[in-house]
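Reader: Please take me closely through one part of this model, the first helix and the side chains that its surface presents, and then set that part against the rest of the chain. I would like the reasoning laid out wherever a cut-off decides how a residue is classed.

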Amino acid sequence: MKSLQDLERIRKEVQERMRVREGEKETRVVVGMGTCGIAAGARDVMAAILAELAARNITDVTVTQTGCVGLCEYEPLVDVIRPGEEKVTYSYVNAEKARQIVAKHVVNGQIIGEWVIARKQ
């Protein structure tokens with residue numbers, strides 16, 4: 001950072017990135033970030049989801065985190081909730097799977113059945 005303009009640019013970039021993680025949008029992605037999830041790699045999964053959304057310039061998706069849901073052996077877990085559709089929970093998600101979940105399910109509405117652990121209305 002060399003000037004006030006640089007600081008202002010950085011502030012706007014951070015605000016834009018944080019906007020993805022707040023508010024209610026049409027589609028929500030929830031990453032299990034309990035201790036068990038973090039130990040299994042949930043931070044990398046969260047980073048991959050945010051990076052993939054940013055790379056695709058998708059801003060109408062809310063990405064949030066939740067604590068442990070009691071399925072520690074299946075972590076990292078990721079829920080995708082699209083309007084008018086059932087909630088889909090993916091298990092054993094890693095960064096590569098997270099990027100594919102964004103590309104296939106969040107963007108195109110195609111559920112990746114082999115990674116699904118639960119579906120719920």
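Author: A residue is called buried when its relative accessible area is under 20%, exposed when it is over 50%, and partly exposed in between. Glu8, with a relative accessible area of 30%, is therefore partly exposed. The model discussed here is a predicted one, and every value below is computed from it.

Glu8 is a good place to begin, since two basic residues meet its side chain. Arg11 forms a salt bridge with Glu8, in which the closest N and O atoms are 2.6 Å apart, and both of these residues lie in helix H1, 3 residues apart, which is about one turn of the helix. Arg11 has a relative accessible area of 40%, so Arg11, too, is partly exposed. The side chains of Glu8 and Lys12 also meet in a salt bridge, with an N to O distance of 4.0 Å. Glu8 and Lys12 are separated by about one helical turn, because they stand 4 residues apart in helix H1.

Helix H1, which covers residues 4-19, also holds Ile10, and this residue introduces a nonpolar feature of the surface. Ile10, Val14 and Met18 form a nonpolar patch there, with about 210 Å² of accessible area together. Patches are made of residues with over 30% relative accessible area, and Ile10, at 33%, is partly exposed.

Elsewhere in the chain there is a salt bridge for comparison, that of Arg56 with Glu52, whose closest N and O atoms are 2.8 Å apart. Arg56 counts as partly exposed because its relative accessibility is 37%, whereas Glu52, with a relative accessible area of 14%, is buried. Back in the helix, salt bridges that share partners join Glu8, Arg11 and Lys12 into one network. The structure holds 7 salt bridges, among them the ones described here.

To set helix H1 in its context, the protein chain has 4 helices and 5 strands, and from the N terminus on these elements run α-β-α-α-β-β-β-α-β. The C-alpha trace spans about 50 × 30 × 25 Å along its principal axes. A compact globule of 121 residues would have a radius of gyration near 14 Å, and the 15 Å of this chain agrees with that. Of the 121 residues, 36% count as buried.

In soluble globular proteins, nonpolar side chains tend to be buried together. The largest nonpolar core of this model has 23 residues, of which Val31, Ile49, Leu53, Val78 and Tyr90 touch the most other members. Two or more residues of this core come from each of strand E1 (27-32), helix H3 (42-55), strand E2 (61-66), strand E3 (78-81), strand E4 (87-90) and helix H4 (95-107). Helix H3 gives the most to the core, with 6 residues.

The cysteines need a cut-off as well, since a disulfide is counted for a pair of cysteine sulfur atoms within 2.5 Å. By this rule the count comes to 0 disulfides. Cys36 is in no disulfide, and the nearest cysteine sulfur, that of Cys72, is 3.4 Å away. The sulfur of Cys68 has its closest cysteine sulfur in Cys72 as well, at 3.5 Å, which is too far for a bond. Cys68 counts as partly exposed because its relative accessibility is 43%.

Some backbone details in the loops deserve the same care. Asn57 lies in the loop between H3 and E2 and has a positive phi of about 55° although it is not a glycine; with a relative accessible area of 64%, Asn57 is exposed. In the loop between E4 and H4 lies Tyr92, whose phi is near 50°, again a positive value in a residue other than glycine, and Tyr92 is partly exposed at 43%. A cis peptide bond, with omega about -10°, joins Glu75 and Pro76, and Pro76 is found in the loop between E2 and E3. Finally, Gln121 is placed in the segment after strand E5 (116-120) and counts as exposed at 80% relative accessibility. The C-alpha atoms of Gln121 and Gly84 are separated by 9.1 Å, although these residues are 37 residues apart along the chain.

How values were computed:
Residues numbered from 1 in each chain as written. Predicted model: local features only at pLDDT ≥ 70, side-chain atom pairs only at ≥ 80, totals over all residues. Heavy atoms only, no water. Patch = residues over 30% accessible without salt bridge, like charges linked within 9 Å, V, L, I, M, F, W, Y side chains within 5 Å. Areas by Shrake-Rupley, 256 points an atom, 1.4 Å probe, with all protein chains shown as cover. Buried < 20%, exposed > 50% of the residue type's maximum accessible area, 1.4 Å probe, protein only. Core = buried A, V, L, I, M, F, W, Y, C linked by side-chain atoms within 4.5 Å. Rg over C-alpha atoms; globule rule 2.2 N^0.38 Å.
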